[in-house]
Amino acid sequence: MYLKTLIYAHRGASKYAPENTLPAFNLAYEQKADGIETDVQLTKDNIPVLIHDDTVNRTTNGKGFVHEYTYEQLRELDAGLWFHYKYLGTRIPTLDDLLKWNQKKRLQLNIELKNSKLVGNKLEKIVLNKIKAYRMGHLSVISTFSMKSIKHLYEINSTVGYAFLTSKNKPGFIEKCKELHVSGIHIRYRLLNRRIFRNAKSNNLYVAVYTVNHPVTLIRSFQYPCDAVITDVPNIAVRYRDRIQGEI
Ligand code: G3P
Ligand code: CA
């Protein structure tokens, strides 16, 4: 059976709304994205929150490392104003907020662990427990740049899908993914070529590309066809995908 390329909104529809916030997720849903890509890390009191950078400096009105804030402190910060004043009052969401939001929406979720410096802390287990509590294993794929983290995830739970993220074509990485029971590879768009694509497919791995925003690169990704595209502009991606792969 031929399936269309899935479109994941990168940090939500982050071109149009503040990244990794509920307004960006809502907009992605309205723009008909199939899924949400988001970044998760732990606060000082081990609450999983959705934020990309390891500090709050760029995307809030606060300063300092996320892991030095308790959740109570973090929710005082404004995560919308830096983007546009109409988003004043937007908070950094927790993973619970997203999972609750998705109970009705039922989008695919790509939860990226931002743990490359802190692998083996509690993040893997906490995220897996949340996904289980909301019964969203079948809708979720957890991605990480760390092979060590993937190994750890699989040891805790072998039923959720895991994806290896990479921006480098290191020799043997696809074979290593296979060995670690990875479901797919999420590669930086510029790594996409026929050799990697075929190698991944022959090892039964799906192929997703990030972060694809330009029409030329979107079209190429749909023509391959990649299994998923991670984009800041889901509205544009959906339009090209449906034109190339049909409306059904
Ligand atoms: O998941 C793809 C992409 O989000 C990985 O890079 O830095 O945008 O989290 P980054
Ligand atoms: Ca990410």
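1. In this predicted model, helix H8 carries Val216 and Gln223 as exposed residues on one of its sides. The opposite side of H8, which spans residues 215–223, holds the buried residues Thr217, Leu218, Ser221 and Phe222. These four can be assigned to the same side of H8 because they cover an arc of only 135 degrees around the axis.

2. The partners of that buried side can be named: the buried residues of H8 pack against strand E1 (6–10), strand E8 (206–210) and strand E9 (228–231), and also against helix H9 (234–245).

3. Turning to the ligand, the residues that surround ligand 1 are His10, Arg11, Glu37, Asp39, His52, Glu112, Lys114, Leu165 and Tyr210. By residue class, this shell comprises five charged, two polar and two nonpolar members.

4. Among the members of the shell, Glu37 places a polar side-chain atom 2.8 Å from an oxygen atom of ligand 1, and the side chain of Lys114 likewise has an N or O atom 2.8 Å from an oxygen atom of the ligand. For Asp39, the corresponding separation between a polar side-chain atom and an oxygen atom of ligand 1 is 3.4 Å. Of the 290 Å² of accessible area that ligand 1 has on its own, 89% is covered by the protein.

5. The two regions can be read side by side in the model: His10 and Tyr210 belong to the surroundings of ligand 1, while strands E1 (6–10) and E8 (206–210) are among the elements against which the buried residues of H8 pack.

Methods
Residues are numbered from 1 along each chain as its sequence is written. Chains are lettered from A and ligands numbered from 1 in the order in which they are written. This is a predicted model: local features need pLDDT of at least 70, side-chain atom pairs count only at pLDDT 80 or more; totals for chains, interfaces and linings use all residues. Side-chain values use heavy atoms; hydrogens and water are left out. A residue is near a molecule or strand if one of its heavy atoms lies within 4 Å of it. A polar contact is a pair of N or O atoms within 3.5 Å; within protein, one must be able to donate a hydrogen and the other to accept it, and residues adjacent in sequence count only if both atoms are side-chain atoms. Accessible areas come from the Shrake-Rupley method with a 1.4 Å probe; for residues, only the protein chains shown count as cover. Ala, Val, Leu, Ile, Met, Phe, Trp, Tyr, Cys and Pro count as nonpolar, Asp, Glu, Lys and Arg as charged, and the others, Gly among them, as polar. Buried means under 20% relative accessible area, exposed over 50%, partly exposed in between (1.4 Å probe, protein chains only). Helices (H or I, at least four residues) and strands (E, at least two) are DSSP runs, numbered from the N terminus. The arc is that of the directions from the helix axis to the C-beta atoms. Contact means heavy atoms within 4.5 Å.
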